[in-house]
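Subject: Structure handover

Hi,

Here is the structure I promised to pass on to you. Please open it alongside this email, and I will walk you through what turned up.

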Amino acid sequence: MIDGWTTVSSTVQYTGVRVRVRRDSVRRADQSLGTYEYTESVDGVRVVALDDDRGRIALVGENVYVCGQRLLMCPGGGCEPEEEPLAAARRELAEEAGIRAAAFELLTVMWRMPAGARTREHLYLARGLSIGEHQRDTPGAIVNSCGSVRFS
């Protein structure tokens, strides 16, 4: 907690399959009261998969309902319960892009949306890539129109 701040109350407003919404009442260091609403969910991972030979990174296209758009992103997703972030990074890279990597390096851990979500993103660099077949489990998570991983 921030120095001088105290949580007066914390209540769960909603619990879903992948997310929980909380409302906290706090007393700040200056003694003013405040209310914060935020989501909690499992940590996630993103992988910058670098093609060492050509200096490109792998991107996957995904239809993202909340944004209402198809986005190009580094492969990644959420950690399963009790799953270590590195294991999730390996799994997500293989599932989404069909890529295996000889080496992974943790670049940073960042807050996904610090003012509204209590969840972190672990960002990895993957090198020594070998490309195979993806194992996507949803039709919305597909790569570009030619059906392969896009390197940019």
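How many salt bridges does the count come to? The answer is 12 salt bridges, and please keep in mind that this is a predicted model. One of them is between the side chains of Asp43 and Arg120, at 2.7 Å from N to O. Asp43 sits in the loop between β3 and β4 (44-51), while Arg120 belongs to strand β10 (residues 120-131), so this pair ties together parts that are 77 residues apart in sequence.

Next, the strands. There is an open sheet of four strands in the order β1-β2-β3-β9, and its pairing is mixed. At the edges are β1 (6-15) and β9 (117-118), each of which pairs on one side only. Eight bridges link β1 to strand β2 (residues 20-27) in the antiparallel sense; if you want a place to look, Ser9 has Ser25 in β2 as its bridge partner.

Further along the chain come two hairpins that have β5 in common. In the hairpin of β4 and β5, four residues lie between the strands, and Gly55 in the turn has a positive phi of about 65°. β4 and strand β5 (residues 56-64) run antiparallel and are joined by two bridges, with Leu50 partnered by Ile57 in β5. The hairpin of β5 and β6 also has four residues between its strands, and here Gly68 in the turn has a positive phi of about 70°. Five bridges pair β5 with strand β6 (residues 69-73), again in the antiparallel sense, and Glu62 has Leu71 in β6 as its bridge partner.

You may also like the second largest pocket, which has a volume of about 390 Å³. Its lining is made up of 15 residues, and Ile2, Tyr36, Tyr38, Pro114 and Arg118 are the ones nearest its centre. The elements that give two or more residues to this lining are β2, β3 (33-40) and β9, and β3 gives the most, with three residues. By type, the lining residues of this pocket divide into 10 nonpolar, two polar and three charged.

Last, a look at Arg91, which is found in helix α1 (residues 85-97). A polar atom of the Arg91 side chain lies 3.0 Å from the backbone oxygen of Gly78. Leaving aside neighbours within four places in sequence, Arg91 is in contact with Gly78, Cys79, Glu80 and Glu83.

Best wishes

Methods: Residues are numbered from 1 along each chain as its sequence is written. This is a predicted model: local features need pLDDT of at least 70, side-chain atom pairs count only at pLDDT 80 or more; totals for chains, interfaces and linings use all residues. Side-chain values use heavy atoms; hydrogens and water are left out. A polar contact is a pair of N or O atoms within 3.5 Å; within protein, one must be able to donate a hydrogen and the other to accept it, and residues adjacent in sequence count only if both atoms are side-chain atoms. Contact means heavy atoms within 4.5 Å. Two strands pair if DSSP finds at least two bridges between them. On a 1 Å grid over the protein atoms alone, a cavity is a set of points where a 1.4 Å probe fits but cannot get out, and a pocket is an open set with protein on both sides within 12 Å along at least five of seven lines; lining residues have an atom within 4 Å of a point. Grid points are joined across faces, edges and corners, and a volume is the space filled by probe spheres set on the points. Ala, Val, Leu, Ile, Met, Phe, Trp, Tyr, Cys and Pro count as nonpolar, Asp, Glu, Lys and Arg as charged, and the others, Gly among them, as polar. A salt bridge is a side-chain nitrogen of Lys or Arg within 4 Å of a carboxyl oxygen of Asp or Glu.
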